[in-house]
Amino acid sequence: RFFIGVGLILAYIVALGLIGFMISTPLFILALCVLMRSKNLIRDGVAAVLMTGVVWLLFTRVLSVQLP
């Protein structure tokens with residue numbers, strides 16, 4: 001599972017440039033949850049979207065930093 005996790009991180013880095021932060025980040029978080037054998041993927045999906053939104057708001061509105 002370690003090497004799969006490393007592969008997911010590398011795929012996330014590539015995806016950031018191709019499809020952007022708002023799409024690739026929740027997919028990455030959800031993929032990590034699946035890798036860690038989470039039992040409640042609906043909760044994890046909602047949490048991934050909410051966490052992505054909070055990070056986006058923090059960076060773009062508070063810190064005035066543009067995300068990819």
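**Helix 2 and its surroundings**

R37 is found in the loop between helix 2 and helix 3, where helices are DSSP runs of H or I of at least four residues, numbered from the N terminus. This is a predicted model, in which local features need pLDDT of at least 70 and side-chain atom pairs count only at pLDDT 80 or more, while totals for chains, interfaces and linings use all residues. Residues are numbered from 1 along each chain as its sequence is written, and side-chain values use heavy atoms, without hydrogens and water.

R37 follows helix 2 and has a positive phi near 60 degrees. Most residues other than glycine have a negative phi. R37 is exposed (over 50% relative accessible area, 1.4 Å probe, protein chains only), at 59%. S64, in the segment after helix 3, also has a positive phi, of about 55 degrees, and is exposed at 62%.

Helix 2 covers residues 21-35, and its end C-alpha atoms are 20 Å apart, in agreement with the 21 Å expected from 1.5 Å times one less than the number of residues. Its buried residues (under 20% relative accessible area) are F21, S24, T25, P26, F28, I29, C33 and L35. Helix 1 (2-19) and helix 3 (41-62) are included in what covers them.

The axes of helix 1 and helix 2, lines fitted to C-alpha atoms over the stretch in contact, come within 8 Å and cross at roughly 165 degrees. That makes the two helices roughly antiparallel (over 145 degrees). Residues in contact (heavy atoms within 4.5 Å) include I4, L8 and Y12 in helix 1 and F21, F28 and L32 in helix 2.

Technical notes
Axes fitted to C-alpha atoms, helices over the stretch in contact; angles between N-to-C directions. Parallel < 35°, antiparallel > 145°, perpendicular 65-115°, else oblique.
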